[in-house]
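Colleague: I have just opened this one and would love a friendly walk through it. Could we go step by step?

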Amino acid sequence: MAKYGMLIDETRCTGCRGCQVACKQWNDLPGEETHNTGSYTNPPHLSAQTWNLIEYKEIDRGGQVGFFFLKRACMHCEHPACVSVCPVGALRKTPEGPVVYDDHKCIGCRYCMAACPFGIPKFDWQKGLLEGALIRKCTFCADRLSNGLIPACAKTCPSKAITFGERDQLIVEAENRIRKNPDKYVNHVYGKEEAGGTSILYLSAVPFEQLGLPKLGPAPVTTLSEQVMEYTLPFAGVWLATLAGLAAVFKFRERGAKQPEIGPAADDPHNKEASK
Amino acid sequence: MTNDWIDIKNADVVFIIGANPANNHPASFAWINDARNRGAKLIVVDPAFTRSASAADVYAPLRPGTDIVFLGGIINYAIQNKLYNEEYVKAYTNALTLINPDFKGPADLDGYFSGYNKEKRAYDNSTWKYQTEKVTVKVKEKDASGKEVEVDKEVSVPKRAVNLDDPHTVWSHFKKHYARYTPEMVERVCGTPKDKFIQVAQLFCSTGAPDKSGAILYAMGQTQHTVGSQNVRSMAILQLVLGNIGIPGGGVNALRGESNVQGSTDQGVLFHLLPGYLGAPTDANPDLKSYYARFDTTSYWANGPRFFVNLMKAWYGDVAKPENDYCYNYIPKSSGNYSWISLFQAMYAGKIKGLFCMGQNPAVSGPNARMERQSLAKLEWMVAMDLFETETAGFWKAPGVDPKTINTEVFLLPALDAMEKEGSIVTSGRRIQWRPRVAAGPSGAHTDIWILDRLAKALKAAYAGSTDAKDRPILDLAWNYGEDPEPDVWLVAREMNGYALEDVKDAAGKTILAKGALLSSFGTIALAANYDAIACGSWIYAGYFAPADDGRGVWRPAARRRGQKDPGNLGLYPYWGYTWPLNRHILYNRASARPDGTPWAENKKLIWWDAAKKVWTGYDVPDFVPTKAPDAKANPAGLGLAAQSGTDPFIMKADGKGWLFAPTGLTDGPMPEHYEPLESPIKNALSGCQIDPVVKLWDTERGKSIGDNVGTTDKYPIICTTFRLVEHWQSGTMSRTLPWLAELQPDMFVMIGKELAEERGIKNGDMVQVSSARGEIKVVALVTSRMRPMKVDGKPVHIVRMPWHYGWQGLATGDVANDITPHVGDANTMIPEYKAFLVDVKKA
Amino acid sequence: MIKTATLARYRVPPGVLMLGALVVIGVLVALVRYLFGIGAISNLNDAYPWGLWISFDLLCGVATAAGAFITASAVYIFRMERFRPILRPAILTGFLGYLMVIVALLVDLGRPERIWHLIIYWNPHSVLFEVGWCVMLYTTVLALEFSPMLFERLGWKMPLEFLHRITIVLVLLGTLLSTLHQSSLGSMFMAMPTKVNPLWFSQFLPLYFFLTAAAVGPAMVIVESYISSRVFWRGLEVDLLGELSKAIPILLGIYLLLKVFDITLAGEWGFAFQGGMSILFWVEILLGVVAPIVLFSMPSVRSDGKRMLVAALLVVFFGVVLNRFNVSLIGWPRPANLSMYLPNWMEFAITIGIWSAGIVAYGLVAKFLPLFAADHVVTPAKAVVTPEILQRSRFLVFPEAAWLQGLAAIAEQVNFDDNQLIFRQGEPARSLYVLLEGSVKLYSKDKEGKEVHTGTINAGEPFGISALIEPYILTASARTAAPCRALKIDGKALRDLTKENPALGQALAQRTAQAALTRMHWARAWRESM
């Protein structure tokens with residue numbers, strides 16, 4: 001099965017937020033009550049009600065201001081931290097690419113939120129027991145994909161900044177664009193290798209850190225914790241055996257030693273005999 | 001648009017001035033991006049560093065209201081550096097035409113053209129006319145006995161020189177006029193650094209090469225000025241000089257602000273037009289003959305009278321007869337200016353008693369909106385037909401207004417949204433697309449057509465039995481679009497498309513359209529001997545609903561086609577919908593070929609002369625007589641296009657040429673001249689004439705807080721301009737009530753540069769007061785590096801920018817930006833000057 | 001009058017009332033949380049999904065409950081029987097600590113009603129999955145380790161017998177589970193290399209967490225012993241605690257060396273000298289690690305209760321609490337457009353409520369179950385003491401009826417099994433006893449600290465007379481030599497009574513002095529007989 005991805009060419013994005021609204025429309029997410037606090041970015045951050053957000057960045061480019069628009073949503077990592085850390089396996093990476101969420105399993109521990117290097121999963125902070133607070137994030141429109149449609153954001157993007165397709169081909173396309181216009185792009189496809197690779201790929205005219213994307217190495221962030229988990233069971237065996245051995249050794253050493261006269265209290269019924 | 005949205009991808013340079021398509025026309029950026037991926041460059045000239053600017057290869061700031069200087073500067077740059085397309089200029093424009101020797105321009109008359117009358121604030125344009133010469137031609141005429149004989153006839157035709165620089169050619173006047181628009185002048189007036197300007201000029205003038213094309217995209221940043229029409233003229237002239245009109249990737253492209261504003265303009269919603277851009281009769285045309293005299297006889301407009309008759313047949317059916325001048329007397333004759341500002345001035349003066357507002361929200365969108373709301377309060381009744389209770393429908397409960405003091409009776413008719421009804425939508429590229437109804441509206445709300453149908457029938461019923469002559473226009477109105485529950489929109493489409501009332505025959509007596517059949521082209525009207533057997537509500541739409549091939553052999557009403565074939569890969573998509581006129585996608589496309597009929601360049605091929613078949617062929621429908629050879633001579637005695645030659649691409653002009661110099665049609669001069677906005681921080685540096693000399697000035701309630709006051713720099717030192725957001729739609733009627741859009745831009749704000757904010761002690765997110773001579777509003781300050789102060793005429797000037805979508809109704813609310821805009825408009829069209837006025841900003 | 005006095009004695013102390021009020025506030029806040037969501041009671045937000053409850057209630061809670069497995073393994077695996085007296089309090093602290101962690105999680109989890117999902121839905125890659133299992137299992141183990149106290153109190157022999165047999169298994173399991181999850185709490189943060197501050201992020205995080213937890217275990221036993229010695233008028237096992245605390249410098253020493261090595265290897269010392277986090281780093285290292293290493297290495301500290309307390313508090317607050325906050329919260333990157341997280345009063349109310357409930361539970365267990373070695377047996381029912389019963393001992397025969405009534409009101413009748421410890425030398429003398437039936441042996445420590453038999457109390461004789469003599473500290477331990485019945489008279493009440501009635505005081509003082517004198521004679525005779 002094809003593994004899908006999306007290429008977001010930041011040089012083509014005009015910050016129109018069609019994707020942001022399309023996302024809300026398809027996923028039936030409510031509008032949030034917001035205020036203008038001196039920025040176009042609104043709602044101010046991703047949330048349980050906003051899974052896709054355009055962040056507006058004014059970046060100084062040598063005296064001349066640059067105005068950039070970063071589309072933030074789930075990166076659908078190849079080795080997703082959220083999937084790795086979820087204690088109940090509520091998150092899952094599908095073979096087609098989307099990282100999907102089973103809201104029947106989730107216990108709301110929010111480890112996925114803490115672990116995600118992109119800060120994507122969000123939580124229903126305002127929902128009580130009756131409404132059932134859950135983790136919320138972009139689904140890559142997995143429901144649309146399974147019906148032969150492309151994600152709502154990619155479908156709606158009027159400036160064709162979002163290209164949906166097979167991840168491998170998108171990487172080729174992205175590298176082609178860089179090759180054709182080396183002056184226009186930073187020579188890097190963000191997401192090709194970051195944190196083990198992501199389904200969402202970015203091209204940009206300015207360094208990705210300036211846009212606000214985290215600098216990440218090629219290893220999945222959960223490499224260490226997964227290693228620890230692999231060693232846990234063998235370690236437990238060895239450690240239990242060691243403890244049992246120690247207990248036996250000390251028990252043996254103690255045999256014949258005098259009981260203190262007043263020593264152990266009544267929690268040890270045998271002590272009665274010992275003290276007699 | 002002379003071209004089309006998708007055609008932008010064929011441009012080598014895209015020049016955006018007075019528009020922010022990234023924001024307001026996001027779809028355009030798909031094509032701009034495609035062009036850029038091909039290697040095209042993007043120029044953005046705007047007072048603010050907009051989202052479009054963020055994508056630009058070259059961005060140049062300019063002071064609001066100085067576009068004529070900037071564009072004039074480029075024209076001058078092209079002339080001085082010989083970057084213009086000389087062959088194009090000579091063959092296709094009126095550059096070689098000679099002008100009345102008495103003509104004097106602003107260079108001679110300190111800013112005025114010859115013929116100015118100070119008292120009337122108007123021009124007599126007789127000195128602007130072409131020189132003519134008499135030629136004798138042989139014409140066939142029937143003599144007294146009815147026999148056809150050839151006789152000599154003397155005809156006067158415009159006089160043309162051979163060399164551009166001959167005295168009194170348009171070109172020599174033109175050159176002299178623009179010589180004053182130097183890069184230094186641009187820097188002084190526009191505030192654009194000279195090097196930036198030269199960078200823009202150099203880049204855009206590179207499209208003067210035959211194998212290059214440059215597209216100009218503009219919107220309200222050009223038009224909403226007292227010199228708006230001349231701004232647009234400047235762009236057209238620049239494109240003519242560079243040979244960019246009629247060419248793929250060229251053109252002067254108005255990015256229309258609403259999805260169907262093009263369609264409504266086509267249907268004649270403007271006060272001076274009937275459907276299909278037929279001029280509206282005025283007091284000067286008391287009878288049909290005098291009305292007919294308004295049409296050129298040496299251009300395609302020679303068919304104008306026929307189109308008018310078809311329109312009257314559509315409206316009055318059998319009642320419209322030659323004997324009664326096709327009911328010409330039923331059409332009201334305008335006796336003055338019926339533009340927006342005039343209407344509201346009249347309302348304010350109590351001359352207008354009632355107002356029917358259909359999908360308009362003047363309480364938010366009108367200039368000096370507070371005054372316009374007071375105009376509404378002087379009405380006896382008002383009907384608002386809209387999706388929601390707009391600020392206009394609820395003007396009587398505006399903040400600070402006591403409803404008890406208002407006696408206007410207000411009716412609110414709930415209407416349905418575009419998605420909730422079937423009909424056509426016309427894009428800026430003139431492409432008509434039929435859209436189905438995709439959603440059910442709320443109960444109780446009705447389509448516009450339902451409401452109007454009821455209204456018309458009620459009017460007819462109310463006047464039934466009247467014998468009064470003045471009631472005939474209503475009683476005789478042919479009104480038959482079906483019955484309940486809903487009038488049939490297809491019947492309306494049929495009428496607009498045009499159909500034969502009787503068999504239509506050509507001069508030879510051959511039936512060219514059977515009775516009841518739909519017109520497939522307005523060519524049929526031109527050919528018809530009995531053209532009054534045709535009813536056609538809008539000649540330019542003729543054929544849009546007639547059956548047409550969608551490229552796969554499937555026939556359906558043309559506007560409903562969705563064929564995706566694209567011959568030539570230019571993005572014309574001729575089988576998708578229907579582009580008026582005649583499914584032509586690039587207007588004046590005869591100019592895409594050299595005078596000899598061959599393409600200017602292989603990569604700019606659009607249509608060309610097929611010498612073997614003796615026909616114009618190519619990817620687009622020729623905007624030309626298809627069989628007229630490039631070397632065809634004009635017949636000065638001929639009617640219509642016969643009077644034009646094989647190298648006259650501008651078939652709607654009397655001389656078939658592109659007008660660098662407009663001898664008629666404009667009230668404020670044949671060539672664009674810079675005048676300052678009504679409120680300006682400087683004295684006009686080009687001449688002693690401060691503002692456009694023919695601009696209509698009102699002085700209603702002058703001196704009162706909301707009156708027609710003019711602000712000065714001592715009190716209002718900052719330039720303000722209004723703009724739109726992608727998140728909101730016009731006056732926000734629809735968008736500010738939608739949570740998904742309200743959350744994106746929840747509050748009214750003003751964009752302030754960091755330097756000004758620092759000067760005034762304003763922090764990002766503070767509430768500030770923006771005041772003008774019309775009043776003040778309180779808004780959120782958005783402090784940004786995207787607004788920079790500029791140096792104008794040697795002194796620093798700050799510019800601020802406000803969106804104008806907000807009002808007090810809906811989810812996203814805020815003060816009305818237009819409460820502080822001036823009540824003044826363009827000298828020609830009266831479009832209000834929203835884009836340049838003076839304000840002061842301080843912390844609230 | 002008798003009735004009033006009895007009621008007065010059973011009055012709920014004001015401290016407990018206050019704690020109860022805090023619990024109620026916590027419950028009310030929790031109610032709001034269950035109705036309107038976590039957002040309604042906390043400042044947690046999408047950039048700070050974890051806050052006070054995870055950093056403090058979970059991470060610090062689990063770490064500070066480590067005393068249980070440390071003490072249990074000392075006693076049962078390493079056979080350090082001398083620590084047995086502090087075993088039960090340590091286990092109780094651990095058990096309650098884990099219950100508090102679970103209660104906190106029931107507030108913090110988004111879907112608390114699904115906490116059992118951990119059992120049926122597995123993700124073996126998830127550290128939290130392992131932590132969840134370990135905590136569940138270990139809490140069960142602690143419940144089993146705790147249950148003998150309950151069964152003894154109820155007198156259920158069978159389960160006691162069974163539990164005794166599996167004790168070693170439970171302890172081994174408990175130690176294993178503790179090792180796993182104490183360290184795994186550290187591993188949890190290894191999944192967040194971009195969030196945890198580089199000064200704290202390390203591949204050794206699991207080891208760090210384990211070592212600090214192992215060090216804070218004894219420290220918490222010290223703190224908790226000190227407090228309960230004050231609250232429950234118990235003696236402080238200074239010698240035992242001093243012994244136990246020897247482990248702290250070793251554990252923290254290894255931790256410190258590893259950390260220095262680690263930061264050097266990663267070349268991250270630069271971070272230790274820039275920004276606010278570097279200050280917290282040095283506070284943590286110097287006060288929480290270096291200072292305790294130094295202090296607990298000094299015998300003068302290890303032999304002094306108060307000094308040990310101070311050193312232990314350093315470990316608890318700077319070595320562990322601050323450390324856990326630094327790792328899990330303070331060191332995280334500030335979000336660009338979300339507010340910095342600071343817990344609000346309601347989050348504190350939850351935490352305080354849970355801790356108050358824990359303290360009350362501890363108090364209830366201490367009062368009603370055999371928690372401390374000294375009161376493992378409490379008379380099941382307190383028989384009403386009449387003047388007639390008083391007069392069964394010559395020590396309490398007085399002519400005035402009013403005196404007898406006064407004494408009867410503050411006396412209770414207690415029963416002891418054979419060979420049971422009644423009180424321990426060095427503890428505060430809370431009650432005066434008068435033996436009615438049976439025999440009680442007295443023991444004192446000699447110069448080497450060995451318990452030696454110093455006397456026998458026979459029926460009718462008083463013991464625990466230190467309750468009448470300043471500084472009211474027991475000079476000997478008492479253990480029954482046969483099943484006994486005795487009168488127990490509250491020392492403070494008796495002293496109050498004698499203040500009101502100086503004549504009674506004089507008479508009692510006379511008789512006490514006589515008894516003491518007799519005992520001294522006896523002791524001398526015993527020493528001479530050696």
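Modeller: Happily! Please keep in mind that this is a predicted model. A good place to begin is a pair of chains that stay apart: chain B and chain C do not touch.

Colleague: How many Å apart are the nearest C-alpha atoms of chain B and chain C?

Modeller: Contact here asks for C-beta atoms within 7 Å. Chain B and chain C do not touch, and their nearest C-alpha atoms are apart by 14 Å.

Colleague: Which chains share the most contacts?

Modeller: Two pairs of chains touch. One contact takes 27 residues from chain A and 31 residues from chain B. Another takes 66 residues from chain A and 72 residues from chain C. The pair with the most contacts is chains A and C.

Colleague: Which helix of chain A gives the most to the side that touches chain C?

Modeller: Several elements of chain A supply at least two residues each to the side that touches chain C, including helix 3 (111–115), strand 6 (122–123) and helix 8 (223–254). With 16 residues, the one that gives the most is helix 8 of chain A.

Colleague: And how many residues on that side of chain A are nonpolar?

Modeller: The side of chain A that touches chain C includes 16 polar and 11 charged residues. The nonpolar residues there number 39.

Colleague: What about the side of chain A that touches chain B: how many residues there are polar?

Modeller: Helix 1 (18–27) and strand 3 (64–72) of chain A each supply at least two residues of the side that touches chain B. By class, that side has eight nonpolar and six charged residues, while the polar ones number 13.

Colleague: Staying in chain A, which strands are at the edges of the sheet 8-1-9?

Modeller: This is an open sheet of three strands with mixed pairing. Strand 1 (residues 4–9) of chain A pairs with strand 8 of chain A in the antiparallel sense over five bridges, and A:M6 has A:F164 as its bridge partner in strand 8. The edge strands, each pairing on one side only, are strand 8 (162–166) and strand 9 (200–203) of chain A.

Colleague: What angle does the direction of helix 6 of chain A make with that of strand 8 of chain A?

Modeller: Helix 6 (residues 167–180) of chain A packs on this sheet and touches strand 1, strand 8 and strand 9 of chain A. Its direction and that of strand 8 of chain A make an angle of about 135°.

Colleague: Chain B has a sheet too, in the order 12-13-14. Why is one side of strand 12 and of strand 14 left without a neighbour in the sheet?

Modeller: The three strands of this open sheet in chain B pair in parallel. Five bridges join strand 12 to strand 13 (residues 381–386) of chain B, with B:G354 opposite B:W381. Strand 12 (354–358) and strand 14 (409–414) of chain B stand at the edges, so one side of each lacks a neighbour because each has a single partner strand.

Colleague: On to chain C: how many residues of strand 8 are buried?

Modeller: Strand 8 (residues 484–490) of chain C pairs antiparallel with strand 1 (residues 411–416) of chain C over six bridges. Another six bridges join strand 8 to strand 3 (residues 431–437) of chain C, also antiparallel. Strand 8 of chain C is largely enclosed by the rest of the structure, because its buried residues number five of the seven.

Colleague: How many Å should helix 2 of chain C span?

Modeller: Helix 2 (residues 14–36) of chain C has 23 residues, and its end C-alpha atoms are 33 Å apart. That agrees with the expected span, because at 1.5 Å a residue the helix should reach 33 Å.

Colleague: Which helices do the buried residues of helix 2 of chain C pack against?

Modeller: The buried residues of helix 2 of chain C include C:L19, C:V23 and C:R33. They pack against helix 5 (87–108) and helix 15 (345–368) of chain C.

Colleague: Last one: how far apart do the C-alpha centres of domain 1 and domain 2 of chain C lie?

Modeller: The domain assignment gives domain 1 (12–375) and domain 2 (387–529) for chain C. The distance between their C-alpha centres is 41 Å.

Notes
Residues numbered from 1 in each chain as written. Chains lettered and ligands numbered in written order. Predicted model: local features only at pLDDT ≥ 70, side-chain atom pairs only at ≥ 80, totals over all residues. Helix = DSSP H or I, 4+ residues; strand = E, 2+ residues; numbered from the N terminus. Nonpolar A, V, L, I, M, F, W, Y, C, P; charged D, E, K, R; others polar. Expected span 1.5 Å × (residues − 1). Buried ≥ 20, exposed ≤ 12 C-beta atoms within 10 Å, placed from the backbone. Domains from an automatic or database assignment. Pairing = 2+ DSSP bridges. Axes fitted to C-alpha atoms, helices over the stretch in contact; angles between N-to-C directions.
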